[in-house]
Structures are given as structure tokens and as C-alpha cells.
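Dear colleague,

I am passing on the structure below, and my notes on it follow directly after. Please read them with the structure open beside you.

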Amino acid sequence: MILGAWVAAGLTLFIYSFLYKDNPLFKLGEHLYVGISVGYSVVLAWHTVFLRLLWEPLKKDITENPAVFGSYVLLIPAVLGLLMWARFIPKIAWLSRLAFAFVVGFGSGVAIPRTVSSYILKQIEDTVNPLVTRGADGLSMGFNLASPQSGVNTIVLVIGVVSVLFYFFFSVEHTGPGKVTARTGIYFLMIAFGAAFGYTVMSRMSLLIGRFSDLIKYAGAEYGYASLVLLALTVLALAAWEMASRGRREV
Amino acid sequence: MIIAPTLLLLLFLGASVLAAIPAPEGFRALDTPNDAGKSLSLVWKASPADRADRTVQVWLADGPDGPFQKVAEFPSNTRYVKPGDFPWWAQPARKGDHYVKLASSQAFPIEDGKPYFVKLLVREGDQEVWSEVAEATSAPNVFNTAQLNNLVFVLAFTGVLLASIAAARRNPHVPLRRIAGLDAVEEAIGRSTEMGRPILYLTGSGGMDEVSTIAATVILGEVAKKVAHYDTSLKVPHRDPIVMAVCQEIVKESYVAAGRPDAYKEDSNFFITSDQFSYTAAVDGIMLREKPAANFFMGSYFAESLLLTETGASTGAIQIAGTDSDHQLPFFVTTCDYTLIGEELYAASAYLSREPVLVGTLRGQDFGKGFIMSVLVLGTAFATIGVVVDSAIFNYVLDLFKDFK
Amino acid sequence: MIFLKRQLPLAITFVMGVTFAFQYYIPHPVSEEAITNVSKWMQIISGFALALGLASIFHVHAVKIKRQVPGWGYSIVLYAAMLATIIVGFKSGGETKVDGAQTAFGWLYDYSMVPLQGTMFSILAFFIASAAYRAFRARSPEASVLLVSAVLVMMGRVPLGQFLLPWTWDVTQWLLNVVNSAVRRAILIGVSMGQVALSMKIILGIERAYLGGGKDQ
Amino acid sequence: MKEFARRMIGIDRRIIFLLIAAAVLLPLLRPFGLPIKVSPEVRGVYEYIEALPERSVFLLSFDFDPSSKPELEPQAVALLRHAFRKNLRVIGMTHWLTGTGLADDVFSRVAAETEKERGKDYVFLGWSPGAGSLIIAMGQDLYKAFPSDYTKTPTQGMPVLEGVRSLRDVNYMISLAAGSSGIEMWYVFGKDKYRFEMAGGSTGVIAPGLYPFLRSGQINGLIGGLQGAAEYETLIKRKGTATAGMDAQSATHFVIIILVLLCNAFYFVLRGEKGKAR
């Protein structure tokens, strides 16, 4: 646990040192990180893909029903996967295309109806709303900006969607009335981008608060003042590195 | 002598009080339409007397004589067919009728191809009345008719697309509006050549089955042709091994097309790791150490976008981004010199290559967008008129553009 | 041979594409089962593809070490970290926990992957500030609306802003619920048309870039 | 003036980094406690727990992993403090394997500060696979779904679980969710069938998507992100990391806003000078 705190605090500080400038500590952290993550994905691929999805079910099926064709069906992805490796041998490299074709064909087919459903029809459905409502006291139109379903917001929504869609027209030059619509679209885009930017600040700050809380925790006596000691060492190392590289430059 | 009629009268009154709960009218059971089986649906007419303290129980059996088992209970003024539940071309019951879906459960499993018998019990206080017994057999369906509009949309759009591609093949000189970011591509490559620094090109986080990745690889092909021509060095770090393999082929082809197959280097495309942030750390490292003069960010991105572009900005590189990841657009727009927003990324590949297929596709998409824009405007008008004149007639049109499950 | 090289991949794409596009409209359990199984196949194939990536990493860093380019020592660090993780991972059987006790692999995950990931992610907090400082300048009308809406939302999101200017909270809600959703919807619709068009072209064999190479391949 | 403005506009961004670091660090070390407005959806959760009788059964599911810790851990701590103060019997569990260690840590820490005993006042069941089907299994028989708890103690006969056979005996349930296998899943597979009252806590990112559940009454309260956690801390009158965190949020947001305003001021000074020169 205590060793963990030291390692975690050290790696955190190494990466943060990148905010100062590129330096050996960051390089060390970066290469460690890449190495660990590649190793991690290899282990995960081996256990979850090869063992759990391929080897174990295949072994089970074949030992239980060796005569049934269905037991061997998992050999298809295995063979396709192996075809990918044909790329290592230039002469038969084209075989890998069969695997690409399989993967991309599946992806494209799956995408079409689902995209139409949730990103086209569903979006149209949510945008098209009556501007007025019929209540007990007859027809009324909502002017309450705070309620997203009110009539006035429905109008804003339709204008926004239509003008931004028009901005994405490529075969029409944006002139005349088209220019006004496209400009409206650009303003909508910019307001939305600004709002989204401002909105995201909070969640990014939460991450930083989380990291800093951990560092503060590791600065406690029960962890041997890990953060403080490591912070001092990091600063010293950076200073030493600066001096050394300055000296080298002067020579 | 007087007592008897009184008794009769009382009996009669009592019977009429009991009969105050009407039996459910028009009760029938059917196989749930458009589903994977193992489920039945019940339909009966709504009654003006439905209310919260009158409950309906559903009793189910696998033989006509029982034993019946209670599987559901709810207030009698719930479970209606509501507008928007079903499209008009695939309605199991009239709007306003009661509609209950019974799914197979552990308490009462429903199997396909076996007849089941259902009856309703309506009760209020200590009065109760049974409906008739209805029979139905569950079966899985082979086509979801509620999604017919989806299929029609796909087919119609395909038709428009093929027609406009054919038209563009006959006449490839379709005018396309200027896209600001693209004029900068040439400039960025030129600058890198002058400064003798590499060009960094990222294809995003997506796999080969995403449009943004494919558009990014098409643009990479065009950029690589120019790079080969100017003899600048190109670096393409990858997160997906398949995309890397495809990009190697594409870049090689571009060098061949530019007449410089000798200048092609196999390791201009290389793999770093598939993990999001370690990839980012490594690319940031490349930016700081090799100081590329131009950074291209094409494809789809997640939270790493700002980590990449801010580092790139600090090294003074020209940055051109193009993404359809709407959630990351604010960061690209604020930190890059040029950003291709959403569809502009796809348009860019057509604009740069002037390939009839791509240009035709773009036109086809424009037709599609025009159509959707008119649906939005007219649909809102129809929906409003529908409320004003209090009529459901427009639903026949509006339902065509709804998403049904 | 030419058929195998050129037509077969296109045929495979066509069959896969059409089958799985239609799968969506078929609620029958057989169709559900098909997509679940084939999705697993995709995971298996991508597992094999990782080898391509590994080969690339080994190549890039082996070259660096062999030529002793500046910083080649870090390539050794990378190799060492990778090997160590793989060895520890296989020893722990790929599990982060066995019987409630943390394995060495789990330790590596908790005390190196998690903090490293969290730290890289949290650098965004610094960058979002510096990006705001650089980019939010009222250079043009477009830049000005961007700036104003960002500042309003930043105010409306935190207690201090809600305390100083209570109305910013409502404005924030409106900007996010109405303007932002209008724009995202429009972008989504446009992008989706592109997605459908491209997928269609891939299935019909019009677009072949993904196979790597020009139109005549 | 012009020179100063030019220098400031091209300011070394490391100074901005320092300002942000300071704006996070100072409030964390010494919170200044800005007033926090409590929203009705957070109050809903608090009041429901407040009204529960002693020894009621409260199930808290940790459906997140370390990457969402900054937002959800303070929520968990605040909820546990409240539950322990009300002498509820607390059952903890998780659907996310990677969140197990974190969840156990939170339980032991909060229990230690309120002197609650594992097995008597609370139990942490740990992780079990199955997600939705695990919930169904718990709805049928809790002891079959979790024969033993995280520390390998058999669950059968634990004093804390006295009279609890399945999810039907749970009085209140809260899922702290960072993704899809959280609140929605608990509602669909759990509450809908086994009829316990439930609420949710979530990261700021997914909170807006959960409001429809709140409006329709499928959950009776929602704690959203760090802000929600801070509101809960205000309600139980115990300032914790979330309140400090919200101070840091206010501080950093204002640092950025002031920077943006300054930058524009300098920009206009420069532009004005340029205009004059022309």
C-alpha cells in the first residue's frame, strides 16, 4: 500500500512535470506509461479474447459435440484473424484484405439502419413538435424559455437545426438569402460551442481536484510524506537537468 | 305477499349493483407483433368507468380449463395505446384501447408455438367480474413492420445517392462551395517543407468501420501525394493496428501516384498503443521533440483532443482539424487554426480529390439534407395545425418520420 | 487469382453488409443470436490485429536502440515496462483480483495505470484554461458570441457564479437545452447522412479505400 | 501600456497553469465554504433517509470505477455518514469489478470514524458478475447471489442481514453510477419487480440524461456530480471533500473568467493603439 502510494505519487508528478516543459522525467513517465499500457492490452487480449472468447468455448464445443458443424464455427474468426498476419509476408499480404472486408462489411451493415433510427428519425421526431398546446382553456402557446418544450423554444430549435443544416450544404454557394441562413447557422454553432466549452470546464476541474486530493492524501504521515518528498526530488531533478543542459549549451 | 316482491326487488337491485362493474369489452389476446417471441399481448376497449381504485388482474393458463394463474395486476385506468406508441400502419389496437404486453417470466414462462388462455378479472372493493377467455399463441416475427419507414428511408436515400453519383460521373464539374480549412492544407505542407520539419497526421481513435476514419484516410492519401511531391517527411502515429495497416497501403499508393515510390518509408505509419491517454502522452512527446510544422487531426476524437491541440499550439505548428465528434468540436475550434466541422470532414475528401464518386455522394447528401430541412419546417407546421384544428389526420404524415422500436 | 484478390473481398463486404443491415429489421431470436455471435467474432479478429501493432512497436523501438538515436534509453524503458507488465499479467492469470485479494497485476493497474491515466486526463484542466485565454478574444462577431456564451455558462455552473449573478443559471440551462441541442442535432443529422452514404457505398463496392489503395484495385 | 498589454497577451502559459494549480490547491487545503444552494432532487434523497426508522435496510451500490472517483466517492461518503448516523443497516455492493477495492476502502473508512461494525451494522458484499441478472438473482434470494461477503464471511446468519431474504426486504436503495450499468439497470431489473424505493447518484456528465427518470418518479432523488455531493454534505451538515471541491470549482472558474476578461481588455488596448497608429 505504502509502496503503491510512492509509485502513484511519483508517476503523477513525472507526468505533471510536462507542464513545465519536456524533460527526462516526463519522458520516463511517458515511456513507462506506453509500455505498461501495451503490456496491459496484450494480457487483456490474451485472457479475454483468446482464452475466454475463442479457446475455451471452442474446446468445450468440440469435445462435447465433435460431429456437429456448429461446434467449429469459431474457427472462422480465428482464420480471419490469422489472415491479418498475412501482412507480414508480402507475397500473400492481399489475404489480409479478406479480413478487412469482413470487419468493414459488418460495421457498415450494422451502422446503416441504426444510424437512421437513432440519429436521423429520432432527431427529427424530437425536433418536430406543435407550437401550441390544447389545454382545458383552449389553445395556448408557451413562451417560457426555461421549459425546453415550450412553443418559443420549439421555434428556436427548428431555426437552429435548419440553419446549421444549411451551413453544411456544399453544392450551393452561400450567397443572397442563403448567406443569411448560413450566417445564422454559424452563430448557432459558435454559441453552442462556447456553451459546451464552458460546461466542460467543471468536469475537467473535477479530475484535477481528484488527482490533487490523492496527492494531498499521499502527503500524509501514514504514507511517509510521499508526495512532499517526491515533489522536492522532482523539483531538484528538474533544476539539475536545467543546469546541466544550460552548461552543455554554453560549451 | 308484499315481502316477496320487495325481496325480488332487493335481489334485482343487488344484482344491478354487482353488474355496475362492466365486463371488459372487446377483449382479445394476440401474439405480440414485431417481437422475438415469448410474449403475448392483450387488447380490450377502454371504458368511461375506468378508475384508479378499480383494478384489473390478468390470469393466464396453458389449457382452456386452467388452472389459471394471476400474472399481473394494475389500476383499470392505465395501460392504454398512447399516440406515438405504434405507427398507424402497424397498430395492434385502436388508439385509446387498453393494451398490455405479457412477457415470459419465471413465474409463468411463455413458450413459442403453444396456445395460452387468458382472462381478465376486474375488481373494485369486494365486487368482481370475469371477462371471457381469450386464446393466443406466441411466435417470433421475421420482420418488424413498425420499422418499415426506416427501411423505406434507407432505400430511398440509396436511390438518390446512386443517381447523384451517376450524374457526377457524367458531369464531374459540379461546383462545390469553398471550405476554408482546405486551402490551408497546401500552405501547411509548403511551410513544413520550407522549415524542414515533419508533418504529423492523426487519423483519430476510430476503427476502419467509422466514416470519420475512412474520410481521414482518404484525406491522408491526398496529403501524402503532396508530401511526396515536396519531399517532406510524414509521421502518422496510430491507435488501431488495422487502420495502421490500411494507411500504410494508402500512403504507399500515394507515393507511387506522385511518381516517388523510392521516397516511401514503411515506418511513417507506426503503432503506439490502443490506450487513450498513453497514446496521447506519446504523441505529445513527439510534438515537443520533433516539433512538426503542421499537425493534422482528422477523424473521431474523445477527451484527448485538447491535450493534443494545446501541446501542438505551444510548439507553434499550423493545426488543421476535422472531426465529426460533436462533443470535441468546441476544443478544436478554439485551439486549431482551421477546423472542418462535422460533415465538412467528409466534404473535404471530395473537395481535395475531386473524385466523381465523392462529389456525387456529397450532392446526394445535400438532397437528403434539403429533404430533412423541409420535413422539419413542414412537420412543425402540420403538427401545429393538427393541434389547432384538433385532428389526427396529419399523423399519417408525421408518423413516417418517427423512430419506432 | 485476380478474382480472389479483387472480387472476393468486395463480395464478402457485400454479403456481410446486406445481411447485417437487414438483421436490424428482423426481431426473430435467430437474428439476435447472429449479431451477438458475430460481434464476438469481431473482438476475436481485433485481438489478432493487435499483433500487427506489436510488430510495429518492436520495429520502431528496435531501430531506435540499434541506431542508438538520442533517447534510445527510453525505448529500453518501454520494452522493460511492457515485458514486466506481460509477465506479471500472465502470472496473475489476467485477473486483478483473486478471492478478494489483489494480485500483482491488480496492483500494477491500481498504482500505475489508474494514476497515470488520471493524471494525463487531469492535465486537461490546465489546458482548458490556457486554451480559453488564447482563444476567447473578441476578434470577430463569431468569436464574441463564443466568448460570451462560454463565460455565462462558466458563471452559471458554480456556486460563486450562482451567488453573484443568479440568472446565469437559467441562461446556462437554456443555452444547453435549446441552442446546444439544436446544433448537436443538426450536426448529428448531417454526419449520419454521411455515415449512411459511406456505409452504402462500401457495401455496394463503390468505396474501396478501406482495402488500401486506389479505385482500380 | 501597449507594451504591457502585448506582454500580457503573449503571457507564458505556465503562469496560467500555476494559477489553476493554486486555485485548486488552496481551497482543498483550506475550504472557505461558499453557500451551496440545495436542489430539490438532492433534498429528496436526504429527506427519505431522514424519515427511515432505525435499523431499516439501506442498499448502496457502487457502480463506478476509479476514473469517476473524484465525483462519486464524496457522494458515497456523505450518504454513508448519513446512513450510519441514522443507525440504518447498510448493505454495500458493486457491479464494476474495477471498483471493488475503492468501495471497500470507503466503507471501512466511514465505518471506522462512526465506530460501526462490519457484519453487525454494515456489510460489503463485493462484486459478482451478471449485472442485470445479478439483480434478478438478488431479488429471488440474496444468499444465493452472494453466499459470502467481500471478506469471505458467509452472509447467512449475519446480524446485519437479519430478516433480509431478498431485495424485497430492502427499504431504500441508491445506485452511484458512472455509466449505463447503474441507475437504469437497477430500475429495470430491480425496483420495477421487487418494489423498493430507490434513488440515484451519478457523474455530472450522465446526470442530465437521468432527469426523465426523476420526473416520472422512477427514482425519488438524484445526486448529480460533485455539486450534488456538496449539496448532500450541506444537508448532513458535515463539510467534506465535495464542499472543498466546489470551492475549488468556483475558484478555478473565476480564475478562467478573469483571465478571459483581462485578455480581452489587453486585446482591445492593443487594437485601439493600432487603430490610432493607422
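In chain C, where is confidence lowest, and where is it highest? The mean is lowest, at 70, in strand 1 (residues 97-98) of chain C, and highest, at 94, in helix 3 (residues 72-91) of chain C, where confidence is pLDDT, the predictor's score for each residue from 0 to 100, and helices (H or I, at least four residues) and strands (E, at least two) are DSSP runs numbered from the N terminus. Over residues 213-217 of chain C the pLDDT falls below 50, although this stretch has 11 contacts in the model beyond near neighbours in sequence, a contact being heavy atoms within 4.5 Å.

This is a predicted model, in which local features need pLDDT of at least 70 and side-chain atom pairs count only at 80 or more, while totals for chains, interfaces and linings use all residues. Residues are numbered from 1 along each chain as its sequence is written, chains are lettered from A and ligands numbered from 1 in the order in which they are written, and side-chain values use heavy atoms, with hydrogens and water left out.

For the complex, the predictor gives an ipTM of 0.87 and a pTM of 0.87.

Turning to charges and rings, B:Lys119 lies over the face of B:Trp130, 4.3 Å from the ring centre, and B:Lys369 lies over the face of A:Phe169, at 5.7 Å; this requires NZ of Lys or CZ of Arg within 6 Å of the ring centre and within 35 degrees of the ring normal.

Finally, C:Tyr24 counts as buried at 14% relative accessibility, and C:Tyr25 counts as buried at 2% (buried is under 20% relative accessible area, exposed over 50%, partly exposed in between, with a 1.4 Å probe and protein chains only).

With best wishes
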